[in-house]
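Visitor: I would like to take a close look at one part of this model, and then to see it against the chain as a whole. Please take me through it step by step.

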Amino acid sequence: YKNFVVNKGANCLEITTNDFYSITVSTDHKCEVFRNGKQEMLPASDLIIGDIVRLKLGSSSSQEPISLPEKPSKIDSRCSSFSVPKTMTTEIAKFLGIMVADGTVYKAGFRITKRHKDVVAWFVDFCESHFNIKCKSDRCAFEEAFFGEVNSRPIVQWLLGIGGLSPKNKDIPECIMHSSADIQAAFLCGLFEDGTVN
């Protein structure tokens, strides 16, 4: 190592956020803080309640499975019976990654379009086993791709309740951010299912 630094013994602080992320640092450790709309680098000793602190993914101290939204209570009588998962799993995380990357959620349903038939087959199996609902799939008419599609307003309502899947407003769902590293890895697996790094 060049310019190796040895710090003297020092007191430490444990920072715990409202979302139960936790990190232990020395009092002089620099933290990226968002305060009053400004981003600053501050020593941990200067943090105050109400600061927003940037932490590394996987910092959550909770290893309990993250709960997902409840099944929508107001359902049109014409809707067929369906189910929704209750807690986060690696399979659900992968599904959410695929949806954030390439999924489309619209008023009456949701779909993916992929070049690889096996990814669409996985999507179909996932939807049918986790939502207990029929999933349509076929080759796209005008391109070398395949699609999988589910028509269900209640499941759309449930998906939008997770967050991060709204059209033109994609983001990492909070339930992923609060989950363990294996759940986050499964989400990234789905997100980069046919991604390219260049």
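In the open sheet of 3 strands, what is the order of the strands, and is the pairing parallel or antiparallel?

Guide: This is a predicted model, and in it the open sheet of 3 strands follows the order β4-β3-β5, with antiparallel pairing. Strands of a sheet pair through backbone hydrogen bonds, either parallel or antiparallel. The pairing of β3, which covers residues 30-35, with β4 is antiparallel and is made by 6 bridges; within this part of the sheet, E32 stands opposite M41 in β4. At the edges stand β4 (38-43) and β5 (52-53), and because each has a single partner strand, one side of each is left without a neighbour in the sheet.

As for the setting, these strands belong to a protein chain with 5 helices and 11 strands. The chain has a radius of gyration of 21 Å, whereas a compact globule of 198 residues would have one near 16 Å, and its C-alpha atoms fill a box of roughly 65 × 40 × 30 Å along the principal axes. Of the 198 residues, 36% count as buried, and the accessible surface comes to about 12900 Å², with 51% of that area belonging to carbon and sulfur atoms. Among the contacts with a separation of 6 or more, 53% are between residues 24 or more positions apart. Finally, the chain carries 23 positive and 24 negative side chains, the centres of the two sets lying 5 Å apart.

Terms used. Residues are numbered from 1 along each chain as its sequence is written. This is a predicted model: local features need pLDDT of at least 70, side-chain atom pairs count only at pLDDT 80 or more; totals for chains, interfaces and linings use all residues. Side-chain values use heavy atoms; hydrogens and water are left out. Two strands pair if DSSP finds at least two bridges between them. Helices (H or I, at least four residues) and strands (E, at least two) are DSSP runs, numbered from the N terminus. The radius of gyration is taken over C-alpha atoms; the globule rule is 2.2 Å times the number of residues to the power 0.38. Buried means under 20% relative accessible area, exposed over 50%, partly exposed in between (1.4 Å probe, protein chains only). Contact means heavy atoms within 4.5 Å. Accessible areas come from the Shrake-Rupley method with a 1.4 Å probe; for residues, only the protein chains shown count as cover. Lys and Arg count as positive and Asp and Glu as negative; His and the chain ends are not counted. The place of a charge is taken as NZ of Lys, CZ of Arg, CG of Asp or CD of Glu.
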